[in-house]
Amino acid sequence: GFGPAAARSPPSLPSLPIIGSILSLVSDSPPHIFFQQLQKKYGNIYSLMMGSHKVLIINSHHHAKEVLIKKGKVFAGRPRTVTTDLLTRDGKDIAFADYSSTWKFHRKIVHGALYMFGEGSASIEKIICREALSLSAVLSESQKSPMDLGPELTRAVTNVVCALCFNSSYKRGDAEFESMLQYSQGIVDTVAKDSLVDIFPWLQMFPNKDLTTLRECVSIRDNLLQKKYEEHKVDYSDNVQRDLMDAMLRAKRSSENNNTPVPNVALTEDHLLMTVGDIFGAGVETTTTVLKWSIVYLVHNPKVQKKIQEELDRKIGTDRHPQLSDRGNLPYLEATIREVLRIRPVSPLLIPHVALQDSSVGEYRVDKGTRVIINLWSLHHDEKEWKNPELFDPGRFLNEEGDGLCSPSASYLPFGAGVRVCLGEALAKMELFLFLAWILQRFTLEVPTGQPLPELQGKFGVVLQPKRFKVTANLRAGWENISLKQHC
Ligand code: HEM
Ligand code: PLO
């Protein structure tokens, strides 16, 4: 027959004791690069054992789309790991929750609440604009002195999600914000690494002190979430929905009165807190990371930066600030954002998927329970799909005339696809566009002469972050006397 049962097993790496020695030859490559290298020997789909778990590694866009889209529901599961269980109280969130009616219900509520602010709606745009204005003011003050823009970018992005989740924001130097910076980095550095630990022993990916760090950081985060929750309960009203927390509270109350769209779905306090924690965490760490990578590549490629600025000068000028309605008119900026998301994907291995039943990918059988890792890095650096994949070239995403966008390859999935596709894609795109347009309209980012350029490798973790670096933001010629008091 032709059913999955008849298909053959995918090429498999030799079992662990032997791999240990093969792997140590490649030494310090991070997992996404190592999995890409293994294609030479095993092909673009192969399996290996991580401890007692069978794992399938996918390195081509055809197979990736079969998993994510064509058989999306079959592969919509998530594995449980010690660290993600710690972060999410055993999967009571969205991103690390297994496929279930509870997960579906949560995704729906969040989606509704996030986009109640709406893609076209004025309010998200207003929130971002307010933060871009405040960020520009900070950059103006720091003229000529090199600084790590990390904390200020993070504050801007955090305040956007803070407004959406909690209807609040942080001032510079706020103690709660400083503590958030710390615990969130602690979580990024330690969570989700344990699922890879068995095949990457030499990276010392998961020393025991990581678990202690994670516990401490999660507990600080939980206190913050609890505090916001208690504050919201006090002045909650069925008639006004200020933010995501209110939307979740409302859903919780109506589920308690048995008014859920889906029967028998739990929305406990834990579920509510973990779900908000997901959106807050994802909202901060992903967009900030992409902004940092954008700056890294802009200082490496001053010609690209100049072209974006010329486009901004031509289409917007100096009389007004950038708006979402300019998105269609700034193809070169848009192409640059797409290229950053290609060359340094935020989540190079996505989040692992799990086969919920026996199935197949390509010509190979896949047993129920198999973990499936989509190596987005391989898709985005596939030489058959991208000319010179390590070259940063926004021009790839432009048509021949250079005045419109194009999709040069199907091997491009920065936000994933299918049932588990990113929930924040539209929000992230609005933020990236507006923040970068605001910054580049007024400033040129540079590394002072004689200083080294920022590193391009990045630090592998649950998000692929650039290493710390410093740049100067110099006011562009013609902007000296234009005040920042434009309002949003
Ligand atoms: C999942 C990318 C921003 C919320 C994901 C996944 C990717 C991704 C690759 C995993 C898909 C999979 O496992 O198949 C990105 C990128 C971002 C970004 C590149 C920024 C440029 C955001 C933002 C939010 C968000 C701003 C929140 C507002 C989520 C959630 C999930 C997710 C909740 C889990 C979905 C699920 O498992 O059902 N994202 N993301 N993301 N993202 Fe994003
Ligand atoms: C980031 C650190 C926060 O403190 C907690 C958190 C919650 C959700 C995670 C996010 C972290 C990292 C990026 C993740 C997101 C869910 C979806 C997103 C994994 C760990 C991506 C890119 O897949």
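Let me begin with a term: a cavity here is a set of grid points, taken over the protein atoms alone, where a 1.4 Å probe fits but cannot get out, and a molecule sits in a cavity if more than half of its atoms lie within 2 Å of its grid points. With that in hand, and keeping in mind that this is a predicted model, I can say that ligand 2 sits in the largest cavity, and that ligand 1 sits in the largest cavity as well.

I will take ligand 2 to start. Around ligand 2 there are 16 residues, and the closest are Ala95, Ser184, Ile187, Glu285 and Ile351. On its own ligand 2 has 490 Å² of accessible area, of which the protein covers 90%. The side chain of Ser184 places an N or O atom 3.1 Å from an oxygen atom of ligand 2. Which helix gives the largest share of this shell? That is H11, with five residues, while helix H8 (175-190) also supplies at least two. By type, the shell divides into 10 nonpolar, four polar and two charged residues.

Turning to ligand 1, we find 27 residues around the ligand, with Arg78, Arg107, His353, Arg420 and Cys422 coming nearest. Oxygen atoms of ligand 1 lie 2.8 Å from a polar side-chain atom of Arg420, 2.9 Å from one of Arg107, and 3.2 Å from an N or O atom in the side chain of Trp103. Here too H11 provides the largest share of the shell, six residues, and helix H5 (101-116) and helix H15 (425-442) each supply at least two. This shell comprises 17 nonpolar, seven polar and three charged residues.

Conventions: Residues numbered from 1 in each chain as written. Chains lettered and ligands numbered in written order. Predicted model: local features only at pLDDT ≥ 70, side-chain atom pairs only at ≥ 80, totals over all residues. Heavy atoms only, no water. Near = heavy atom within 4 Å. Polar contact = N/O pair within 3.5 Å; in protein donor to acceptor, adjacent residues only side chain to side chain. 1 Å grid on protein atoms, 1.4 Å probe; cavity = no way out; pocket = protein on both sides within 12 Å on 5 of 7 lines; lining within 4 Å. Helix = DSSP H or I, 4+ residues; strand = E, 2+ residues; numbered from the N terminus. Nonpolar A, V, L, I, M, F, W, Y, C, P; charged D, E, K, R; others polar. Areas by Shrake-Rupley, 256 points an atom, 1.4 Å probe, with all protein chains shown as cover.
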